[in-house]
Amino acid sequence: MIIKEVGDKIWVMDVGRKETKKTCPVCFGNLNVTVILGDDTEVVCKCQYCVQGFGEPRGYVTEYIWKEAAKQEVITNVRVENDSNGMKVEYRAGCYVYYSDTVFETEEDALSACKIRSKGLKNQEDERNIRMQKSNIKNYSYQAGRHIKAANDSLRQAEYHKKLAAICKSRSRNKLDKEEE
Ligand SMILES: [Zn+2]
């Protein structure tokens with residue numbers, strides 16, 4: 001390993017991300033998702049994919065564009081550590097720290113390493129999004145089930161209370177009839 005010196009120029013990866021807004025890939029900006037049950041009943045649920053925190057659906061999601069660039073730095077400090085694990089070289093350029101395995105001789109090398117890294121980060125993000133979409137779909141059938149159960153429970157309760165109210169009414173009517181006699 002060639003150890004660079006203070007004042008030497010090095011090429012490093014310029015990793016970073018830029019935020020972009022995209023239409024929600026689940027509700028497509030409608031804020032609602034329709035679940036069709038086995039008997040063709042349609043249940044409309046609030047989109048959970050574009051909700052931020054405990055808020056309302058927004059109709060859009062935030063995605064990141066990973067930067068693919070290289071930049072040149074001038075070394076201002078070199079630290080070499082040599083122990084049983086091997087040699088580790090740490091370069092400083094102002095307030096930035098770079099390890100020897102992320103330092104390159106040419107712009108092309110730094111750029112191609114940055115592209116590989118960006119791709120890896122993008123894949124990780126895509127996998128996370130797919131996992132979230134899948135768990136969201138599970139969530140909708142659960143939500144639909146919960147709403148229907150609540151609706152059925154309310155109907156049953158309504159029927160029960162209606163019957164009780166009817167009994168009360170007929171009882172009070174009986175009472176009135178008797179008083180009139
Ligand atoms: Zn949505």
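## The sheet around strand S1

In this predicted model, methionine 13 stands opposite alanine 70 in S6, and a second pairing between the two strands joins valine 12 to lysine 71, which is the bridge partner of that valine in S6. Altogether, S1 and S6 are paired in the antiparallel sense over five bridges. With S10, strand S1 also pairs in the antiparallel sense, here over two bridges, and across this pairing tryptophan 11 stands opposite phenylalanine 104.

These pairings belong to an open sheet of three strands, whose order is S6-S1-S10 and whose pairing is antiparallel. Because S6 and S10 stand at the edges and each has a single partner strand, one side of each is left without a neighbour in the sheet.

## The nonpolar cores

Two of the residues named above, Trp11 and Met13, return in the largest nonpolar core, which has seven residues and is completed by Tyr91, Val103, Phe104, Ala110 and Cys114. Strand S1 (9-13), strand S10 (103-104) and helix H1 (107-180) each supply at least two residues of this core. Another core lies apart from it and consists of six residues, among them Cys24, Val33, Cys47 and Cys50.

Which residues does phenylalanine 104 touch, if those up to four places away in sequence are not counted? The contacts of phenylalanine 104 are with Trp11, Val12, Asp109, Ala110 and Ala113. Of these partners, Trp11 and Ala110 are, like Phe104, members of the seven-residue core, and Trp11 is also the residue that stands opposite phenylalanine 104 in the pairing with S10.

## The sheet of S7, S8 and S9

A further open sheet of three strands has the order S7-S8-S9, again with antiparallel pairing. Strand S7 (77-83) and strand S9 (96-99) stand at its edges, and since each has a single partner strand, one side of each is left without a neighbour in the sheet. From one strand to the next, the twist averages 20 degrees.

Strand S8 (residues 86-93) pairs with S9 in the antiparallel sense over four bridges, and within this pairing tyrosine 91 stands opposite tyrosine 98 in S9. Tyr91 is also one of the seven residues of the largest nonpolar core.

## Two loop residues with positive phi

Most residues other than glycine have a negative phi. Phenylalanine 28, although it is not a glycine, has a positive phi of about 55 degrees, and its place is in the loop between strand S2 (17-23) and strand S3 (32-36). Is phenylalanine 28 buried or exposed? Phenylalanine 28 counts as exposed because it has 12 C-beta neighbours inside 10 Å, and a residue is exposed if 12 or fewer other C-beta atoms lie within that distance.

Aspartate 40 likewise has a positive phi in a residue other than glycine, with a value near 75 degrees, and is found in the loop between S3 and strand S4 (42-46). With 6 C-beta neighbours inside 10 Å, aspartate 40 therefore counts as exposed.

## Confidence of the prediction

The protein averages a pLDDT of 87, and 96% of the residues score at least 70. Where in the protein is confidence lowest, and where is it highest? Confidence is lowest in H1, at a mean of 83, whereas it is highest in strand S6 (residues 70-74), at 95. Helix H1 is among the elements that each supply at least two residues of the largest core, while S6 is one of the edge strands of the sheet that contains S1.

Terms used: Residues are numbered from 1 along each chain as its sequence is written. This is a predicted model: local features need pLDDT of at least 70, side-chain atom pairs count only at pLDDT 80 or more; totals for chains, interfaces and linings use all residues. A nonpolar core is a set of buried Ala, Val, Leu, Ile, Met, Phe, Trp, Tyr and Cys residues joined through C-beta atoms within 7 Å. A residue is buried if 20 or more other C-beta atoms lie within 10 Å of its own, exposed if 12 or fewer, and partly exposed in between; C-beta atoms are placed from the backbone. Two residues are in contact if their C-beta atoms, placed from the backbone, lie within 7 Å. pLDDT is the predictor's confidence in each residue, from 0 to 100. Two strands pair if DSSP finds at least two bridges between them. Axes are lines fitted to C-alpha atoms, for helices over the stretch in contact, and angles run from 0 to 180 degrees between N-to-C directions.
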